[in-house]
Each structure stands twice: as structure tokens, then as C-alpha cells.
Amino acid sequence: MHAGGIEPARAEAIAERLMAAENPVAFAAYLGRKREAVDLLDRLARACGIRVVEFNSIDLNIPQDSPCYAGIDPLPLLEQADLGLLLDTDVPFVPQSAKRAGTMQWIQIDVDPLKSDFPMWGFPTDLRIQGDSAIILRQVLEAVEARADEGYRKRVAARIAAWSGGARTGRDAAR
């Protein structure tokens with residue numbers, strides 16, 4: 001299956017949603033199969049203040065020393081999150097344990113967002129995008145960087161600073 005990027009208006013729409021979110025989170029499992037995607041996710045996470053979890057991870061999806069790396073347990077993040085990204089993941093969390101997931105807004109980016117080989121795939125999504133996650137993350141990052149002003153950058157920096165021990169806790173749990 002060949003996958004590419006998305007039209008600029010869709011990248012802009014994703015950037016808008018990410019920038020409007022108060023507590024965005026991302027879940028990735030095999031995004032790291034493309035080396036450039038790891039750096040792009042880390043850069044986008046730092047630009048938007050997105051906490052990233054690697055639940056059922058197959059590849060490294062974000063550097064574990066990133067302030068945005070939140071470990072392997074998605075449930076604590078779902079308690080406060082208002083927007084979630086599903087990036088190249090088949091099982092981002094256990095639905096029965098994630099009661100709040102249905103109240104959140106979800107964006108899924110995957111080479112196969114319909115999960116055509118799965119007999120049943122029941123994760124909530126508001127926006128499903130088929131494509132190459134590395135290309136799409138680059139497009140969204142460029143849209144965020146073009147829109148971000150000093151006020152937005154300060155809000156994101158404050159959000160990341162407030163996590164202080166979260167990344168360390170996530171790394172400890174992963175070990």
C-alpha cells in the first residue's frame with residue numbers, strides 16, 4: 001500500500017486542533033519504523049505540548065529522554081486529555097479501562113486507518129487520515145510553526161515545565 005501526505009487544508013485543520021487543545025496526548029506503536037518520524041513526532045510534541053505514550057510499542061516512537069515522553073501506560077494521561085492522536089498504532093489502550101476516552105476528540109493517522117485486516121476495531125476517532133505518518137507529521141509541524149506566536153510558545157513551555165517529573169516517571173516505568 002502506497003501512502004503519502006495530505007492536502008494542506010487538512011494539515012492546517014489538524015494544527016488548529018492541536019494548538020487549541022489544553023492537554024493533547026499521542027499514542028504510537030510502530031511510527032518509529034520510519035526513522036524520520038521519530039524526530040518529527042518529538043518536534044511536534046515539543047511544539048504543541050503533547051505527551052506521548054508507547055503502549056504496545058513495536059518500535060521506538062519518541063526519544064525516551066524527551067520531555068514529552070510519558071512512558072508506556074496510557075491511562076493516567078487519559079484522565080486530563082482533551083485531544084488524542086493515534087499514530088501508527090493498532091491498540092492504543094484497553095477500552096474497558098479507559099472510560100474517559102469516549103469524551104475526547106481523536107485524530108488517527110495511519111497507513112491503514114480502517115484496520116482492514118482486523119475483524120473488529122473499536123477505538124473512537126473523529127478524524128481518520130490515511131497516509132504516511134512521517135510526511136503528515138512534517139506537514140502538521142510546518143503548519144504549527146507558521147501559526148505559533150510568542151504567547152502560544154510560552155503556554156506550551158509552561159505546560160511542558162509543569163510535567164517536571166512525568167517524563168522521569170514514564171522512563172522509570174518503561175525500565
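In what order do the elements of the chain run from the N terminus on? In this predicted model, the succession is α-β-α-β-α-β-β-β-α-α-α, and the chain has six helices and five strands. Of the 175 residues in the chain, 50% are buried. The chain exposes about 8500 Å², of which carbon and sulfur atoms supply 51%. Among contacts in the chain with a separation of 6 or more, 66% are accounted for by residues 24 or more positions apart.

The strands assemble into an open sheet of five strands, arranged in the order S2-S1-S3-S4-S5 with parallel pairing. Strand S2 (51-53) and S5 are the edge strands, each of them pairing on one side only, and from one strand to the next the twist averages 15°. S3 and S4 run parallel and are joined by five bridges; Gly84 has Trp106 in S4 as its bridge partner, and Leu86 is likewise partnered with Gln108 in S4. On the other pairing of S4, four bridges connect this strand to S5, again in the parallel sense, and Ile109 has Ile129 in S5 as its bridge partner. Because five of the six residues of S4 are buried, this strand is largely enclosed by the rest of the structure.

Nonpolar side chains tend to be buried together in soluble globular proteins. The largest nonpolar core of the model comprises 40 residues, of which Ile14, Leu18, Leu44, Ile50, Leu87 and Val140 touch the most other members. At least two residues of this core are supplied by each of helix H1 (8-20), strand S1 (24-28), helix H2 (35-48), strand S3 (83-87), strand S4 (105-110), strand S5 (127-130), helix H4 (133-147) and helix H5 (150-162). The largest share, seven residues, comes from H4. Val140 illustrates how the core is joined across the sequence: when residues up to four places away in sequence are not counted, Val140 touches Ala11, Ile14, Ala15, Leu18 and Leu44. A second core, separate from this one and made up of 11 residues, includes Val25, Phe27, Leu77 and Leu78.

A search of the whole structure for charged side-chain pairs finds nine salt bridges. One of them involves Arg147 and Glu12, whose closest N and O atoms are 2.9 Å apart. This pair links distant parts of the chain, with Arg147 in helix H4 and Glu12 in helix H1, 135 residues apart. Both partners count as partly exposed, Arg147 at 36% relative accessibility and Glu12 at 32%.

Two further salt bridges were examined individually. The side chains of Arg43 and Asp39 meet at 3.7 Å, N to O; being four residues apart in helix H2, these two residues are separated by about one helical turn. Arg43 counts as partly exposed at 35% relative accessibility, and Asp39 is partly exposed as well, with a relative accessible area of 41%. Salt bridges that share partners also join Glu12, Glu16 and Arg147 into one network. The other pair consists of Arg10 and Glu7, whose side chains form a salt bridge with an N to O distance of 3.7 Å. Here too the partners are partly exposed, Arg10 having a relative accessible area of 28% and Glu7 one of 42%.

A backbone feature of note concerns the loop between S3 and S4, where Asp88 is found. Most residues other than glycine have a negative phi. Asp88, although it is not a glycine, has a positive phi of about 45°. At 3% relative accessibility, Asp88 counts as buried, since the threshold for that class is under 20% relative accessible area. The residue follows strand S3 (83-87) in the loop leading towards S4, and S4 is itself largely enclosed by the rest of the structure.

Conventions: Residues are numbered from 1 along each chain as its sequence is written. This is a predicted model: local features need pLDDT of at least 70, side-chain atom pairs count only at pLDDT 80 or more; totals for chains, interfaces and linings use all residues. Side-chain values use heavy atoms; hydrogens and water are left out. A nonpolar core is a set of buried Ala, Val, Leu, Ile, Met, Phe, Trp, Tyr and Cys residues joined through side-chain atoms within 4.5 Å. Buried means under 20% relative accessible area, exposed over 50%, partly exposed in between (1.4 Å probe, protein chains only). Contact means heavy atoms within 4.5 Å. Accessible areas come from the Shrake-Rupley method with a 1.4 Å probe; for residues, only the protein chains shown count as cover. A salt bridge is a side-chain nitrogen of Lys or Arg within 4 Å of a carboxyl oxygen of Asp or Glu. Two strands pair if DSSP finds at least two bridges between them. Axes are lines fitted to C-alpha atoms, for helices over the stretch in contact, and angles run from 0 to 180 degrees between N-to-C directions.
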